[in-house]
Amino acid sequence: MKKQVCTFTLDDMLFGIDVPVIQEVLRPQMMLRVPLAPSVVRGLINLRGQILTVIDLRERLGLAPAPSTIAGMNLVIRLPDETVSFLVDDVGEVLDLAEDQFEEAPVTLNRTISDVTSGIYKLKDCLLLLLNVTAAATLPAERN
């Protein structure tokens, strides 16, 4: 059985999200900052009257901020109780992946990243990390 996954990049890593949970892909949007919000919340966007929280996946995964040359893209994701937007570097293509390509995430994977991935797919020339959207949208407790 095949699984359709939409790819996106963060830093030099390739990630994927199951296509059925993606509502749409947007170019950079005007965002309203939220005072006192956790640092992973980049802001709010108004999508045709629906207010969405924008989660910066680079910040969520503990990666360096995106260089100014990267405008970013918004992946609008439907979760069971809400709709959120993930800010990513770039959106790639939709891949049809076979179940036999899927493996558990390696233990050597960074803990923050492994906490939000369901596993990996071995592609011809790289690894694709499958994002667990519910875990990624769950904000970690702020450290003092």
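**Figure 1. Ile22, a buried residue of strand 3.** With a relative accessibility of 14%, Ile22 counts as buried, because anything under 20% falls in that class. This close-up, like those that follow, comes from a predicted model. Ile22 is part of strand 3. Which residues does Ile22 touch, once those up to four places away in sequence are set aside? They are Cys6, Ile17, Leu75, Val76, Ile77 and Arg78. For a sense of how the chain comes back on itself, take Val84: 62 residues separate Ile22 and Val84 in sequence, yet their C-alpha atoms are 10.0 Å apart in space.

**Figure 2. Gln23, a partly exposed residue of strand 3.** Here we move to Gln23, also found in strand 3, which covers residues 22–26. Is Gln23 buried, exposed or partly exposed? Its relative accessibility is 29%, so Gln23 counts as partly exposed. The side chain of Gln23 makes a polar contact of 3.3 Å with the side chain of Glu24. Beyond its neighbours within four places in sequence, Gln23 is in contact with Leu47, Arg48, Gln50, Val76, Arg78 and Thr83. Val76 and Arg78 may look familiar, as Ile22 touches both of them too. If you would like a landmark farther along the chain, try Gly62: Gln23 and Gly62 are 39 residues apart in sequence, with 25 Å between their C-alpha atoms.

**Figure 3. Asp89, a buried acidic side chain in a loop.** Asp89 sits in the loop that links strand 7 (83–88) with strand 8 (90–98). Although it is a loop residue, Asp89 has 9% relative accessibility and so counts as buried. What does the side chain of Asp89 pair with? One partner is the side chain of Arg58, joined to Asp89 by a polar contact of 2.8 Å. The backbone also takes part: the nitrogen of Asp11 lies 2.7 Å from a polar atom of the Asp89 side chain. Leaving out residues up to four places away in sequence, Asp89 touches Thr9, Leu10, Asp11, Arg58, Ala66, Ile70, Gly72 and Met73. Both polar partners, Arg58 and Asp11, are in that list.

**Figure 4. Asp56, a buried acidic side chain in a strand.** Asp56 belongs to strand 5. Is Asp56 buried or exposed? Its relative accessibility is 10%, so Asp56 counts as buried. A polar contact of 2.8 Å runs from the side chain of Asp56 to that of Arg42. Arg42 appears again among the residues in contact with Asp56, alongside Val40 and Leu87, when neighbours within four places in sequence are left aside.

**Figure 5. Leu36 and Arg48, two loop residues with positive phi.** Where do these two residues lie? Leu36 is in the loop between strand 3 and strand 4 (41–47), and Arg48 is in the loop between strand 4 and strand 5 (50–56). Leu36 is not a glycine, but its phi is positive, at about 65 degrees. Arg48, likewise a residue other than glycine, has a positive phi near 50 degrees. Leu36 has 90% relative accessibility and counts as exposed. Arg48 is exposed as well, with a relative accessible area of 65%. Arg48 also links back to Figure 2, since it is one of the residues in contact with Gln23.

**Figure 6. The whole chain, to place the close-ups.** Stepping back, the chain contains three helices and 11 strands. Along the sequence they follow the order β-β-β-β-β-α-β-β-β-β-α-β-β-α. The radius of gyration is 15 Å, close to the 15 Å that the globule rule gives for 144 residues, so the chain is as compact as a globular protein of that length. Taken along the principal axes, its C-alpha atoms fill a box of roughly 45 × 35 × 35 Å. How much of the chain is buried? Buried residues make up 42% of the 144 residues, including Ile22, Asp89 and Asp56. Of the contacts between residues at least 6 apart in sequence, 54% join residues at least 24 apart. The chain exposes about 8600 Å², and 52% of that area comes from carbon and sulfur atoms. As for charge, the mean positions of the 13 positive and 19 negative charges are 3 Å apart.

How values were computed. Residues numbered from 1 in each chain as written. Predicted model: local features only at pLDDT ≥ 70, side-chain atom pairs only at ≥ 80, totals over all residues. Heavy atoms only, no water. Helix = DSSP H or I, 4+ residues; strand = E, 2+ residues; numbered from the N terminus. Rg over C-alpha atoms; globule rule 2.2 N^0.38 Å. Buried < 20%, exposed > 50% of the residue type's maximum accessible area, 1.4 Å probe, protein only. Contact = heavy atoms within 4.5 Å. Areas by Shrake-Rupley, 256 points an atom, 1.4 Å probe, with all protein chains shown as cover. Lys, Arg positive; Asp, Glu negative; His and termini not counted. Charge placed at Lys NZ, Arg CZ, Asp CG, Glu CD. Polar contact = N/O pair within 3.5 Å; in protein donor to acceptor, adjacent residues only side chain to side chain.
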